[in-house]
Amino acid sequence: MQITPDAVVYIDRTSFGTPERGLFAVVTFKAMNRGKAAVKTTAGSGGFRWKTPDGHTVKQGDGKGAGKIAPIGFSEGGPTVRPDTYQAETVAFDITTAERGGTLVYVDGDGVAFCWKVPSTSSGPAVPALRSALQ
């Protein structure tokens, strides 16, 4: 299984709700399964975390609105990825404006953590489409 984040959008309201802490950070990622059997990622069971620049950790879907975000075209089948395929997915975090940027952490089923630096502004190839899907 390979997880690859490719865009982040910071947004203060969506058609799915309003953040409790002031801002949603919505990250798109691709989950690729190169194996011969279906693989279930930990993305559906809290495998992602947002580590803020000051070291605070926010769990995925924390807050009333973040767990409801499922933009059309960016959620292709949930945590189970069929063999020899990839699918696009999103994960959302309810953060404060000061918590923009930082590190996206994914912990796999074996407890191994993978980390990516996240810019403090919306960026990535899917930003316009994701912003539209969130409205």
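A residue counts as buried when its relative accessible area is under 20%, and as exposed when that value is over 50%. With that in hand, helix α1 is a good place to start in this predicted model. The helix runs over residues 127-134, and V127, L130 and L134 are its buried members to look at here. These three cover an arc of only 70° around the axis, so they end up on the same side of α1. Turn to the other side of the helix and the picture flips: P128 and S132 are exposed there.

What, then, covers the buried residues of α1? The cover includes three strands, namely β1 (2-11), β2 (23-33) and β7 (85-95).

Those three strands belong together. They form an open sheet in the order β1-β2-β7, with antiparallel pairing. Because β1 and β7 stand at the edges and have a single partner strand each, one side of each is left without a neighbour in the sheet. The sheet isn't flat either: going from one strand to the next, the twist averages 20°.

Zooming in on one pair, β1 and β2 run antiparallel to each other and are joined over nine bridges. One of the residues to pick out is V8, whose bridge partner in β2 is V27. Back to the helix: α1 packs on this sheet and touches β1, β2 and β7. The direction of α1 makes about 60° with that of β1.

Put together, α1 has V127, L130 and L134 buried, with β1, β2 and β7 among what covers them, while P128 and S132 sit exposed on the other side.

Terms used:
Residues numbered from 1 in each chain as written. Predicted model: local features only at pLDDT ≥ 70, side-chain atom pairs only at ≥ 80, totals over all residues. Heavy atoms only, no water. Buried < 20%, exposed > 50% of the residue type's maximum accessible area, 1.4 Å probe, protein only. Helix = DSSP H or I, 4+ residues; strand = E, 2+ residues; numbered from the N terminus. Arc of directions from axis to C-beta. Contact = heavy atoms within 4.5 Å. Pairing = 2+ DSSP bridges. Axes fitted to C-alpha atoms, helices over the stretch in contact; angles between N-to-C directions.
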